[in-house]
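Here are some short exercises for practising how to read a protein structure. Keep the sequence and the 3D view open, try each task yourself, and then compare your steps with the worked solution.

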Amino acid sequence: MMPAAQADTSTYAVELTGCTKQFPTPGGETYVAVRDINLKVEPGRFVSIVGPTGSGKSTILNMAAGLLDPSSGGVKSFGQPVSGVNRRASYMFQQDPLLPWKTVIDNVSLGLTMAGVSKAEAHAESRRWLEKVGLKNFADRYPHQLSGGMRKRTAIAQAWIVNPDILLMDEPFSALDVQTRQIMENELLQLWQESGKAVVFITHDLDEAIALSDEVVILGAGPGSTVVGSYTIDIPRPRDLLDIRDDPKFVTLHREIWGRLKIEVSKTYETALAEEGEVA
Amino acid sequence: MTLLGSRKNGPSAAQDGSVARRRPRGGEMSALAMRSTQLLLTVAVLGAWELSARAGIVDEFFFPLPSDIFQTVWVWVSSGFVFPHLWVTMQEAILAFLVGAAVGLLLGFVLARVRFLERLLDPFLQMFNALPRVVLAPIFLLWFGLGIWSKVAFGFTLVFFIVFFNTLEGVKSVDRVLVDNARMLGASEKQLLRHVFIPSALTWIFSSLHISVGFAITGAVVGEYLGASAGVGYAIAQAQGVFDTKGVFAGMFILMIVVLIIDLLVNRLERHLLRWRPVRSS
């Protein structure tokens, strides 16, 4: 399935135009997190944002989610300006978002019950999702009784059950060990391929970004970072993530994008060193 | 670190780590053996007390014989003398607790969610909290009279601040990610309260529940002691008035048992409502 063919380019799932976000610092100054961000994500497309530490990746995602308002610039979702939380999006957080006082099934049902779906119906739908993510025997457990990978699967089911048009993912797998992470990436791709949802995926891992995405956007070094490059990943789907790193196309793309990203990473590193020098 | 220093830090430093898990095993007793030892200790202390009072080593007037105290307790209980007093004290404590906890919860939630109000009221709340509450008892006696309401008001000032500060802290310390996640899933402000803030604050509120229940009873008894026409505190004050130390000790003992039973019930409730929490390994 090639989503680009069906995309209506006049309405993007996510569209950030000239977005700048600044925060007041405790010292009374302003810290510019990101500057003049332009980002367009077509419906059904998987876009990754990669950047060095402190480049404001999460800020961009939070603006798209409506959890943060840009200081200047506009955020639109399917042609509508985003004010308040973006109702067409689900968010997968880097940290554990499950409510510890609710069982797995109640956590997965959360989005439905809050939308007014009856408990019986919500639970039936949740069971379908738990089966899909391989947790049907764990419905009545509490989150603390699950492993990290199982909690991630629950979080995936929780985010997907409300059937959002957009999935915003903030380094969702960074806390997992390497093997679990690859399995989760594979499962995510399978879910996504049959869904036609737009995904904005944040990571600092270029391998992960290239393996999963249709497009990789590179952010410059912070503070005040902005988009410095955008690359189309035309590796055919379905992809086998376990072997993709040997694919010649992957290797070529990786070399090209890393060449650009490397510059920003070393800038960040030098700034950090310089700041350390100032302190010392 | 010196050897002495590190040894001093031993118990706290050994909270986690395998050494701590292994160490208590050596000195560990079965539950039954521990209970028997505790019983033995009780018998030893009470026996020593009884004997030394009988032998005239301690003054029986100030430290009445344990056997006499238990006899007084028995008389108070079997004659039914203590129950009306206990009932009055419980009424006062329950009312003070309910009203104090309800107002504390409500204000705690409101102030935690409305930053303006919190900043506005903070100095006043701190001021009232700094006031030693016992000094309020005389004014409450004047305002509300000798009946139960002066004690309810007094207990209220004790319970309210504990519940209030714990609720405020509990709501404010809710994990940001949990709130954002619920909002992204479509939670309204009311649903956020119900699904995220209240359950999250519950752990804090419960940690304060044991203290606030105790304070509600303390408030009632101290209030009665200072001026009342009924209640366990009043009964103790009456006994003191006629130099009946046995009666004072009997009142203390009965109160102790009642508070223990209430604490047990609170524990049960807590364990049920917080059953989602991981069981501590200790």
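Helices and strands here are DSSP runs, numbered from the N terminus; a helix has at least four residues and a strand at least two. Please remember that this is a predicted model.

**Exercise 1. Find where A:E171 lies, and decide what stands out about its backbone.**

Step 1. Look between strand 7 (166–170) and helix 6 (178–193) of chain A: the loop there holds A:E171.

Step 2. Check the backbone angle. The phi of A:E171 is positive, about 40°, although this residue is not a glycine.

Step 3. Compare with the usual case. Most residues other than glycine have a negative phi, and most peptide bonds are trans.

Step 4. Count the surroundings. A:E171 has 19 other C-beta atoms within 10 Å, so it is partly exposed; a buried residue would need 20 or more.

**Exercise 2. Do the same for B:F243: is it buried or exposed?**

Step 1. Locate B:F243 in the loop that links helix 12 (232–241) to helix 13 of chain B.

Step 2. Read its phi, which is positive at about 55°, although B:F243 is not a glycine.

Step 3. Count again. B:F243 is exposed, because 10 other C-beta atoms lie within 10 Å, and the cut-off for exposed is 12 or fewer.

**Exercise 3. Which peptide bond is cis, and where is its proline?**

Step 1. Go to the bond from A:R237 to A:P238: it is cis, with omega near -5°.

Step 2. Place A:P238 in the chain. It belongs to the loop between strand 10 (227–232) and helix 8 (248–279) of chain A.

**Exercise 4. Describe the overall build of chain B.**

Step 1. Count the elements: chain B has 13 helices and zero strands.

Step 2. Divide the chain. Domain 1 covers 24–63 and domain 2 covers 78–273 of chain B, and 33 Å separate the centres of these two domains, taken over C-alpha atoms.

Step 3. Turn to burial: 30% of the 282 residues of chain B count as buried.

**Exercise 5. Work out which side of helix 5 of chain B faces inward, in the sense of holding its buried residues.**

Step 1. Take the helix itself. Helix 5 (residues 66–78) of chain B has 13 residues and spans 18 Å from its first C-alpha to its last, close to the expected 18 Å.

Step 2. List its buried residues, which are B:I69, B:T72, B:V73 and B:W76. They lie on the same side of helix 5 of chain B, because they cover an arc of only 100° around the axis.

Step 3. Turn to the other side of this helix, where B:W74 and B:S78 are exposed.

Step 4. Ask what covers the buried residues of helix 5: the cover includes helix 6 (82–113) and helix 13 (245–273) of chain B.

Step 5. Continue past the helix. B:G80 follows helix 5 of chain B and has a positive phi, near 80°.

**Exercise 6. How many residues of chain B are in contact with chain A, and which helices of chain B supply them?**

Step 1. Count both sides: 15 residues of chain B are in contact with 19 residues of chain A.

Step 2. Find the helices. Helix 10 (176–184) and helix 11 (189–226) of chain B each supply at least two residues of the side that touches chain A. The largest share, six residues, comes from helix 10 of chain B.

Step 3. Sort by class: this side of chain B has nine nonpolar, four polar and two charged residues.

Terms used
Residues are numbered from 1 along each chain as its sequence is written. Chains are lettered from A and ligands numbered from 1 in the order in which they are written. This is a predicted model: local features need pLDDT of at least 70, side-chain atom pairs count only at pLDDT 80 or more; totals for chains, interfaces and linings use all residues. Domain bounds come from an automatic or database domain assignment. The expected span of a helix is 1.5 Å times one less than its number of residues. The arc is that of the directions from the helix axis to the C-beta atoms. Two residues are in contact if their C-beta atoms, placed from the backbone, lie within 7 Å. Ala, Val, Leu, Ile, Met, Phe, Trp, Tyr, Cys and Pro count as nonpolar, Asp, Glu, Lys and Arg as charged, and the others, Gly among them, as polar.
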